[in-house]
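Reader: I have the sequence and the coordinates open, and I would like to know how the descriptive terms are earned. Could you walk me through them?

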Amino acid sequence: MEQLFLWAFCFIFPLCISSGLETEPPLELSHLTRELLESARDPEFFEWLVRARRKLHQNPELSFEEFETSQFIRTELESLGINFTWPLAKTGIVASVGSGSHPWFALRADMDALPIQEMVEWEHKSKKDGKMHACGHDVHVTMLLGAAKLLQQRRNELKGTVKLIFQPGEEGRGGAYYMVKEGVVEKVEGIFGLHVAQDMSVGAIGSRPGPFTACSGRFLATIQGIGVHGATHPVLAMSSAIISLQHIISRETDPLDSKVISVGLVKGGQAVNLIPETVTFGGTFRSVTLEGLYKLKQRIQEVIEFQVAVHECNATVDFMEEKARFYPPTMNEQALYNHVNKVGQHLLGGSSNVLYLPNSMGAEDFSFYSQHIPAAFFMIGAKNETMDSRIPLHSPYLVLDEQVLPLGAALHAAVAISYLDQHYSAVSSNLIIV
């Protein structure tokens with residue numbers, strides 16, 4: 001039966017659409033979005049969202065260490081009566097709401113924080129020294145919990161199943177890769193994710209079809225010299241190598257082909273009057289394509305080894321591909337992008353609040369999902385109008401507006417419900433034709 005169903009969906013459905021047999025969702029979209037947004041903005045619901053976000057913000061945990069975060073999420077899901085599977089990829093959770101049958105649609109939030117000391121003084125500041133939700137993942141989790149509550153309230157009306165993916169290890173550790181490896185996207189026909197944007201006003205979302213975020217990799221170079229002997233000066237070797245890496249971008253890269261190499265880590269000696277025997281430096285490199293990323297990897301190794309050899313030192317370059325897996329580009333599938341765009345316009349009051357964004361050289365491990373199933377990844381405005389909007393993500397001074405919480409919860413739920421309605425109706429009508 002399942003094979004027959006899949007055959008009908010994969011082959012007959014596209015033919016029927018091209019013949020003009022596509023049907024509109026049974027539940028009118030503007031009514032759905034208005035109802036969901038009103039529910040999410042209910043004072044009691046909003047207070048619950050704010051409490052959850054602040055609880056998460058005060059207890060940040062690094063990649064694959066999200067044990068308390070995971071426990072908090074599981075407790076909230078249990079209180080809502082939502083079934084879940086845990087652990088996946090060490091701390092991850094996958095819950096489901098709906099009929100348990102096709103179509104299946106997924107919503108994803110990442111859970112991990114960053115090794116940053118929060119510098120914002122407020123009542124709900126991070127309680128963990130050196131750790132902070134400086135990328136808004138506390139907001140992401142809260143929005144998805146809000147969507148879970150909205151979906152559970154309508155569980156008997158869902159025309160299929162929604163998977164709720166709470167994922168660990170996004171910050172450079174490729175948590176999505178491991179979630180995919182453990183089968184979380186099996187049966188799933190599409191996936192949607194949100195990321196806060198501190199420079200976009202609350203009430204706006206944005207993305208683009210096709211490639212949206214860049215590929216990224218990391219490297220760590222260790223240079224070995226002979227201490228005290230000035231002819232083999234590892235600090236000079238390191239300096240020469242760092243400068244030469246920038247020439248890869250300025251002299252070897254097509255100006256119309258975006259690539260970036262950034263050195264963010266430098267470690268040398270401990271005394272001003274002694275030459276260290278060993279120094280290390282490292283950073284990230286990015287490209288809009290995987291082909292370009294691997295070309296950068298090759299040239300980074302060649303340039304470092306050559307420049308270090310000039311100074312009669314030795315170098316080893318570690319690209320940490322197991323621990324810090326290379327991220328592919330995030331690809332927004334056109335049809336799913338169009339779907340989210342349409343839902344966003346209804347939810348947010350028109351096309352002016354759904355922005356067409358340029359490609360980003362930032363990287364996001366949501367890309368691993370987009371390698372396997374149709375995916376749509378959008379930014380959602382969370383700019384705090386009282387703060388300097390130039391403060392970037394990953395800053396110890398980051399402040400986000402909590403008014404984004406009900407918007408994100410309602411958008412998640414509306415995208416999923418309308419997707420199920422549309423695909424269930426289309427599949428049902430095509431099965432009748434069979």
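Author: Gladly! Let us begin with pairing: two strands count as paired if DSSP finds at least two bridges between them. Please keep in mind that this is a predicted model.

Reader: What makes strand 3 and strand 5 a pair?

Author: DSSP must find at least two bridges, and strand 3 is joined to strand 5 (residues 188–201) by 4 bridges, the two strands running parallel. Leucine 107 stands opposite phenylalanine 192 in strand 5. The pairing criterion is therefore met.

Reader: And how do you know that strand 4 pairs with strand 2 and with strand 3?

Author: The test is again at least two bridges. Strand 2 (residues 92–98) and strand 4 run antiparallel and share 6 bridges, with valine 94 opposite isoleucine 165. Strand 3 (residues 104–110) and strand 4 run parallel and are joined by 7 bridges. On that side, alanine 106 has lysine 163 as its bridge partner, and tryptophan 104 stands opposite threonine 161. Both therefore qualify as pairs.

Reader: Why is strand 4 called largely enclosed?

Author: A residue is buried if its relative accessible area is under 20%. In strand 4 (residues 161–167), 7 of the 7 residues are buried, so the strand is largely enclosed by the rest of the structure. In a regular strand the side chains alternate between the two faces of the sheet. Here Thr161, Lys163, Ile165 and Gln167 point one way, Val162, Leu164 and Phe166 the other way, and all are buried.

Reader: What makes strand 3 largely enclosed?

Author: In strand 3, 7 of the 7 residues are buried, so this strand is largely enclosed by the rest of the structure. Trp104, Ala106, Arg108 and Asp110 point one way, while Phe105, Leu107 and Ala109 point the other way.

Reader: How do helix 3 and helix 5 cross, and which residues meet there?

Author: The axes of helix 3 (residues 43–58) and helix 5 come within 9 Å and cross at roughly 145 degrees, and the crossing is right-handed. Contact means heavy atoms within 4.5 Å. Among the residues that meet are Phe45, Trp48 and Leu49 in helix 3 and Val139, Val141 and Leu145 in helix 5. By class, this contact has 9 nonpolar, 4 polar and 3 charged residues.

Definitions and conventions
Residues numbered from 1 in each chain as written. Predicted model: local features only at pLDDT ≥ 70, side-chain atom pairs only at ≥ 80, totals over all residues. Heavy atoms only, no water. Buried < 20%, exposed > 50% of the residue type's maximum accessible area, 1.4 Å probe, protein only. Axes fitted to C-alpha atoms, helices over the stretch in contact; angles between N-to-C directions. Left-handed = near helix turned anticlockwise from the far one by under 90°. Nonpolar A, V, L, I, M, F, W, Y, C, P; charged D, E, K, R; others polar.
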